Amino acid sequence: METGSPQNTGPDGPQGTIEDAGDEPVWIALPPGLLKMRRLLLVVWLGLVALAAGLLPGLLAGPAWAAFALPPLALMVWGWVMTERNWRSWRYAERADDLLISRGVLWREETVVPYGRMQLVEVTSGPVERHFGLASVQLHTAAAATDATIPGLDPAEAERLRDRLTELGEARSAGL
(Lines give C-alpha, C1' and ligand atoms only; values in the text may rest on other atoms or scores of the structure.)
Protein backbone atom coordinates (compact mmCIF):
# COMPACT_ATOMS: atom_id res chain seq x y z
CA MET A 1 0.00 0.00 0.00
CA GLU A 2 2.84 2.37 0.68
CA THR A 3 5.01 3.43 -2.21
CA GLY A 4 7.94 5.76 -2.00
CA SER A 5 9.95 6.42 1.11
CA PRO A 6 8.22 7.65 4.25
CA GLN A 7 10.03 10.99 4.03
CA ASN A 8 10.27 12.10 0.41
CA THR A 9 12.43 15.19 0.70
CA GLY A 10 15.19 16.55 -1.43
CA PRO A 11 17.42 19.63 -1.38
CA ASP A 12 14.57 21.82 -2.65
CA GLY A 13 11.91 20.46 -0.28
CA PRO A 14 9.37 17.64 -0.63
CA GLN A 15 9.61 15.64 -3.80
CA GLY A 16 6.96 13.63 -5.58
CA THR A 17 4.02 15.83 -4.65
CA ILE A 18 1.95 14.63 -7.59
CA GLU A 19 1.23 11.01 -8.36
CA ASP A 20 4.01 9.19 -10.12
CA ALA A 21 3.49 7.05 -13.20
CA GLY A 22 1.63 4.36 -11.23
CA ASP A 23 -1.79 4.56 -9.61
CA GLU A 24 -0.43 4.72 -6.07
CA PRO A 25 0.15 8.17 -4.59
CA VAL A 26 3.54 9.24 -3.26
CA TRP A 27 3.08 9.59 0.50
CA ILE A 28 4.93 12.23 2.51
CA ALA A 29 5.50 11.58 6.22
CA LEU A 30 5.45 14.19 8.95
CA PRO A 31 8.77 15.59 10.18
CA PRO A 32 10.33 14.18 13.40
CA GLY A 33 9.92 17.52 15.19
CA LEU A 34 6.26 16.66 15.83
CA LEU A 35 7.26 13.43 17.61
CA LYS A 36 9.79 15.32 19.69
CA MET A 37 7.21 17.94 20.70
CA ARG A 38 4.56 15.38 21.62
CA ARG A 39 7.00 13.31 23.66
CA LEU A 40 8.17 16.38 25.56
CA LEU A 41 4.58 17.30 26.39
CA LEU A 42 3.93 13.73 27.52
CA VAL A 43 6.95 13.71 29.84
CA VAL A 44 6.18 17.15 31.29
CA TRP A 45 2.51 16.50 32.04
CA LEU A 46 2.81 12.92 33.27
CA GLY A 47 6.00 13.82 35.15
CA LEU A 48 4.06 16.48 37.06
CA VAL A 49 1.24 14.01 37.75
CA ALA A 50 3.74 11.38 38.96
CA LEU A 51 5.44 13.93 41.16
CA ALA A 52 2.15 15.08 42.69
CA ALA A 53 0.82 11.53 43.07
CA GLY A 54 3.99 10.23 44.70
CA LEU A 55 5.53 13.15 46.55
CA LEU A 56 2.52 14.52 48.38
CA PRO A 57 1.23 11.19 49.77
CA GLY A 58 4.81 10.09 50.45
CA LEU A 59 5.52 13.16 52.56
CA LEU A 60 2.14 13.28 54.31
CA ALA A 61 1.31 9.59 54.87
CA GLY A 62 4.63 7.76 54.67
CA PRO A 63 7.08 6.44 52.08
CA ALA A 64 4.91 3.47 51.07
CA TRP A 65 2.36 5.90 49.65
CA ALA A 66 4.95 7.15 47.16
CA ALA A 67 4.04 4.07 45.10
CA PHE A 68 1.17 6.13 43.72
CA ALA A 69 3.77 7.63 41.38
CA LEU A 70 4.16 4.28 39.58
CA PRO A 71 0.94 4.31 37.48
CA PRO A 72 1.69 7.71 35.88
CA LEU A 73 5.27 6.59 35.22
CA ALA A 74 4.04 3.37 33.60
CA LEU A 75 1.58 5.42 31.54
CA MET A 76 4.48 7.63 30.46
CA VAL A 77 6.45 4.62 29.17
CA TRP A 78 3.41 3.28 27.32
CA GLY A 79 2.65 6.76 25.92
CA TRP A 80 6.26 7.13 24.73
CA VAL A 81 5.87 4.06 22.50
CA MET A 82 2.32 4.86 21.36
CA THR A 83 3.24 8.45 20.47
CA GLU A 84 5.79 7.18 17.97
CA ARG A 85 3.32 4.69 16.48
CA ASN A 86 0.77 7.47 16.06
CA TRP A 87 3.35 9.84 14.53
CA ARG A 88 4.42 7.17 12.02
CA SER A 89 0.81 6.63 10.96
CA TRP A 90 0.35 10.22 9.73
CA ARG A 91 1.09 10.93 6.07
CA TYR A 92 -0.30 12.91 3.16
CA ALA A 93 -0.17 12.85 -0.62
CA GLU A 94 -1.00 15.42 -3.26
CA ARG A 95 -2.69 13.95 -6.31
CA ALA A 96 -3.87 15.60 -9.50
CA ASP A 97 -7.44 16.25 -8.27
CA ASP A 98 -7.35 15.84 -4.51
CA LEU A 99 -5.31 15.68 -1.33
CA LEU A 100 -5.09 12.44 0.67
CA ILE A 101 -4.49 12.42 4.42
CA SER A 102 -3.95 9.09 6.15
CA ARG A 103 -3.65 8.48 9.88
CA GLY A 104 -4.43 5.99 12.62
CA VAL A 105 -2.82 2.99 14.25
CA LEU A 106 -5.70 0.69 15.16
CA TRP A 107 -8.39 2.38 13.10
CA ARG A 108 -6.85 3.60 9.87
CA GLU A 109 -8.54 6.72 8.56
CA GLU A 110 -7.98 8.13 5.09
CA THR A 111 -9.47 11.48 4.15
CA VAL A 112 -9.78 12.56 0.53
CA VAL A 113 -10.27 16.30 0.04
CA PRO A 114 -11.02 17.33 -3.57
CA TYR A 115 -9.27 20.59 -4.46
CA GLY A 116 -12.48 22.08 -5.90
CA ARG A 117 -14.31 21.61 -2.56
CA MET A 118 -11.80 23.52 -0.45
CA GLN A 119 -13.13 26.80 0.87
CA LEU A 120 -10.32 27.84 3.19
CA VAL A 121 -6.78 26.64 3.78
CA GLU A 122 -5.06 28.06 6.82
CA VAL A 123 -1.70 27.65 8.50
CA THR A 124 -1.72 27.75 12.31
CA SER A 125 1.08 27.56 14.83
CA GLY A 126 0.61 27.76 18.58
CA PRO A 127 3.35 28.78 21.03
CA VAL A 128 4.60 25.23 21.60
CA GLU A 129 4.57 24.48 17.87
CA ARG A 130 6.46 27.70 17.14
CA HIS A 131 9.08 26.78 19.75
CA PHE A 132 9.69 23.51 17.89
CA GLY A 133 9.56 25.17 14.46
CA LEU A 134 6.29 23.51 13.43
CA ALA A 135 3.01 24.56 11.86
CA SER A 136 -0.29 22.87 10.96
CA VAL A 137 -2.32 23.15 7.77
CA GLN A 138 -6.08 23.05 8.23
CA LEU A 139 -8.42 22.53 5.28
CA HIS A 140 -12.03 23.69 5.49
CA THR A 141 -14.71 22.48 3.09
CA ALA A 142 -18.46 23.03 2.82
CA ALA A 143 -19.07 19.72 4.61
CA ALA A 144 -17.77 19.88 8.17
CA ALA A 145 -17.11 16.13 8.15
CA THR A 146 -14.39 16.53 5.53
CA ASP A 147 -12.42 19.25 7.29
CA ALA A 148 -8.88 17.96 7.66
CA THR A 149 -5.65 18.92 9.39
CA ILE A 150 -2.03 18.05 8.70
CA PRO A 151 -0.11 18.72 11.93
CA GLY A 152 3.58 19.23 12.62
CA LEU A 153 4.87 20.49 9.27
CA ASP A 154 7.88 22.69 8.74
CA PRO A 155 6.50 26.29 8.42
CA ALA A 156 7.96 26.70 4.92
CA GLU A 157 6.34 23.42 3.80
CA ALA A 158 3.05 24.44 5.44
CA GLU A 159 3.05 27.75 3.54
CA ARG A 160 4.00 26.03 0.28
CA LEU A 161 1.21 23.51 0.76
CA ARG A 162 -1.30 26.25 1.65
CA ASP A 163 -0.38 28.27 -1.45
CA ARG A 164 -0.50 25.23 -3.72
CA LEU A 165 -3.82 23.99 -2.34
CA THR A 166 -5.33 27.47 -2.59
CA GLU A 167 -4.16 27.79 -6.20
CA LEU A 168 -5.49 24.35 -7.13
CA GLY A 169 -8.75 24.99 -5.25
CA GLU A 170 -9.34 28.25 -7.11
CA ALA A 171 -8.58 26.62 -10.46
CA ARG A 172 -10.93 23.66 -9.78
CA SER A 173 -13.79 25.73 -8.33
CA ALA A 174 -13.68 28.16 -11.27
CA GLY A 175 -14.70 25.29 -13.53
CA LEU A 176 -17.86 24.50 -11.52
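In the predicted model, Leu 120 is found in strand E7. With a relative accessibility of 43%, Leu 120 counts as partly exposed, because the buried class ends at 20% and the exposed class begins over 50%. When neighbours within four places in sequence are left aside, the contacts of Leu 120 are Gln 138, Leu 139 and His 140. Leu 120 and Leu 165 lie 45 residues apart along the chain, and their C-alpha atoms are separated by 9.4 Å.

Strand E7 belongs to an open sheet of 3 strands, in which the order is E7-E8-E9 and the pairing is antiparallel. The edge strands of this sheet are E7, covering 118-124, and E9, and each of them pairs on one side only. From one strand to the next, the twist averages 15°. In general, the strands of a sheet pair through backbone hydrogen bonds, and the pairing may be parallel or antiparallel. Here, E7 and E8 run antiparallel and are joined by 6 bridges. Within this pairing, Val 121 stands opposite Leu 139 in E8. Leu 139 is also one of the residues that Leu 120 contacts.

On the other pairing of the sheet, strand E8 (residues 135-141) is joined to E9 by 4 bridges, and these two strands also run antiparallel. The bridge partner of Ala 135 in E9 is Leu 153. Strand E9, made up of residues 148-153, is mostly covered, with 5 of its 6 residues buried.

Leu 153, which has its place in strand E9, has a relative accessible area of 2% and is therefore buried. Not counting residues up to four places away in sequence, Leu 153 touches Leu 30, Pro 31, Tyr 92, Gly 133, Leu 134, Ala 135, Val 137, Ala 158 and Leu 161. Ala 135 thus appears both in this set of contacts and as the bridge partner of Leu 153. Pro 31 is another of the residues touched. In sequence, Pro 31 and Leu 153 are 122 residues apart, yet the distance from C-alpha to C-alpha is 6.3 Å.

A further open sheet contains 4 strands in the order E3-E4-E5-E6, again with antiparallel pairing. Strand E3 (28-29) and E6 stand at its edges with a single partner strand each, so one side of each is left without a neighbour in the sheet. Strand E5 (residues 98-103) and strand E6 (residues 109-114) run antiparallel, and 6 bridges join them. Two of the bridge partners can be named for this pair. Leu 99 has Val 113 as its partner in E6, while Leu 100 has Val 112. The hairpin of E5 and E6 has 5 residues between the strands, and in this hairpin Gly 104 takes a positive phi near 115°.

The helices H1 and H2 form a contact of their own. The axes of helix H1 (residues 32-61) and helix H2 (residues 70-89) come within 9 Å and cross at roughly 165°. This angle makes H1 roughly antiparallel to H2, because angles over 145 degrees are placed in that class. The crossing in which H1 passes H2 is right-handed. On the H1 side, the contact involves Pro 32, Leu 34, Leu 35, Arg 38, Arg 39, Leu 42, Val 43, Leu 46, Gly 47, Val 49, Ala 50 and Ala 53. On the H2 side, these residues meet Pro 72, Leu 73, Leu 75, Met 76, Gly 79, Trp 80, Thr 83, Glu 84, Asn 86 and Trp 87. Sorted by residue class, the contact of H1 with H2 divides into 15 nonpolar, 4 polar and 3 charged residues.

Taken as a whole, the protein chain has 4 helices and 9 strands. Read from the N terminus on, its elements follow the order β-β-β-α-α-β-β-β-β-α-β-β-α. The protein chain has 176 residues, of which 36% count as buried; Leu 153 is one buried residue. Among the contacts in the protein chain with a separation of 6 or more, 46% are between residues 24 or more positions apart.

Key:
Residues numbered from 1 in each chain as written. Predicted model: local features only at pLDDT ≥ 70, side-chain atom pairs only at ≥ 80, totals over all residues. Heavy atoms only, no water. Axes fitted to C-alpha atoms, helices over the stretch in contact; angles between N-to-C directions. Parallel < 35°, antiparallel > 145°, perpendicular 65-115°, else oblique. Left-handed = near helix turned anticlockwise from the far one by under 90°. Contact = heavy atoms within 4.5 Å. Nonpolar A, V, L, I, M, F, W, Y, C, P; charged D, E, K, R; others polar. Buried < 20%, exposed > 50% of the residue type's maximum accessible area, 1.4 Å probe, protein only. Pairing = 2+ DSSP bridges.
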